[in-house]
Amino acid sequence: MQHTLQVELKERSYPIVIGQDLSYGSLVRQALPQVQELMVVTNATIAPLYLEKCTAMLKAEGFHVHQVILPDGEAYKTVDSYMQIMTALIEANLARDCALLALGGGVIGDMTGFAAATFNRGVAYVQLPTTLLAMVDSSVGGKTAINHPLGKNLIGAFYQPKAVLADLNTLDTLPPREVSAGMGEVIKYGMLYDADFFTKLEHIPHLDAICADKALLAAIVERCCAIKAEVVVQDEREGGIRAWLNLGHTFAHALEAFLGFGTWLHGEAVGLGLLLASYLALQRGLMTEDEYQRVHHLVAACRLPTQIPEAMQPQDFIAAMRHDKKVKGGVIRYVLPLGIGRCQVFADVADDEVCAMLAAFKAHKGLR
Ligand SMILES: NC(=O)c1ccc[n+]([C@@H]2O[C@H](COP(=O)([O-])OP(=O)(O)OC[C@H]3O[C@@H](n4cnc5c(N)ncnc54)[C@H](O)[C@@H]3O)[C@@H](O)[C@H]2O)c1
């Protein structure tokens, strides 16, 4: 079982292949017909699970395979790890005709993409995402980055991969909490773009166990990738509608920053962020009570947080959101849902309005 979508970006177009037991070797060969030297970038958690099998498939296609194994975690999405990749490339005498392979979740994918964008002024790379979040979101669209101690993803580039190869079987080893985090982004796609997809998610009986049902999982990953591809094709560098993909993220980044990055997983913060964006939309008359309840129900069904942490006050959100890199000219721009299946960017939301919404949400525990 294998399905291919195409991201249509003229000379930067590439396939997204979704399936089980993917033949990484031949698929990478199709994506990189001229390449001999490959650097696989992965981490210490993923390497023992998938590196050997992946390397064997690549060697069988005639690739000369090198590897760099980084420490695991967002805390290592740093200039030091980036330098470790550069050092490995230089020590292996690789040049502009080599390519990089990102075997892992969004952290590995973002760092590898940035390394590919900058090594020898740009070499090819392929994404082999192994988390649900990376499959539905971070591996597609060409946003690459590393963190700076003063903020997340502040150093990066728009740089598209040559292919995205999502083997759903790799999700069998993903911890349940990481699966839930990926579902945060999945719900986002339904809310911002596709009401039917949202309804389909609502009808799945055990959302917290979707990895067991590969056909369902494939359908979910395919729809999310198709939506992301559609949005990115229209607005590759986030001048317009790509901002919709940030639905829930302004609140999410504030939660992550306040709690300390890594306390909540990104997708967990997105889950509550979607709920807060919906609460604000409800208060503005952009969403009905019933639609809000549906979002609340789906976020809870995916075992994502539905409460603002006790210690975090409305002003803490505002302070953190003011530091977000998406603030333009001092104005915090909010992506808010218009019912379910559509959204819009608003630049007219005053801090007082947001504080009042957050205070009401806290007081009623997000319930109506
Ligand atoms: N580029 C983009 O458009 C974009 C979009 C969303 C998020 N991101 C970035 O993605 C990152 C988050 O990605 P993530 O949620 O994949 O986190 P992650 O890469 O840290 O992976 C989560 C955890 O799962 C482990 N893991 C990965 N695959 C596994 C597997 N198959 N089996 C067992 N364990 C596995 C990892 O080692 C890690 O411990 C953040 O840095 C965020 O900024 C980027």
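1. The shell around the ligand is a mixed bag: seven nonpolar, ten polar and nine charged residues. Here Ala, Val, Leu, Ile, Met, Phe, Trp, Tyr, Cys and Pro count as nonpolar, Asp, Glu, Lys and Arg as charged, and the others, Gly among them, as polar. Keep in mind that this is a predicted model, where local features need pLDDT of at least 70, side-chain atom pairs count only at pLDDT 80 or more, and totals for chains, interfaces and linings use all residues. Residues are numbered from 1 along each chain as its sequence is written, and side-chain values use heavy atoms, with hydrogens and water left out.

2. Which residues come nearest to the ligand? Of the 26 around it (a heavy atom within 4 Å), those are Asp72, Glu74, Thr130, Thr131 and Thr173.

3. Now the polar contacts with the ligand (pairs of N or O atoms within 3.5 Å). The side chain of glutamate 74 puts an N or O atom 2.6 Å from a ligand oxygen, and the side chain of lysine 77 has one 2.8 Å from an oxygen of the ligand. From threonine 170, a backbone N or O atom sits 2.9 Å from a ligand nitrogen. On its own the ligand has 870 Å² of accessible area (Shrake-Rupley, 1.4 Å probe), and the protein covers 89% of that.

4. Two or more residues of the shell come from each of helix H2 (47–60), helix H4 (106–118), helix H5 (132–138) and strand S8 (151–158). Helices (H or I, at least four residues) and strands (E, at least two) are DSSP runs, numbered from the N terminus.

5. On to helix packing. H10 (266–283) and H13 (351–363) have axes 10 Å apart at an angle of about 110°; axes are lines fitted to C-alpha atoms over the stretch in contact, with angles from 0 to 180 degrees between N-to-C directions. The two helices are therefore roughly perpendicular (65 to 115 degrees).

6. What angle do H6 (176–193) and H8 (214–234) make? They pack at about 55°, axes 10 Å apart, which means H6 is oblique to H8 (neither roughly perpendicular nor under 35 or over 145 degrees).

Notes:
A polar contact is a pair of N or O atoms within 3.5 Å; within protein, one must be able to donate a hydrogen and the other to accept it, and residues adjacent in sequence count only if both atoms are side-chain atoms.
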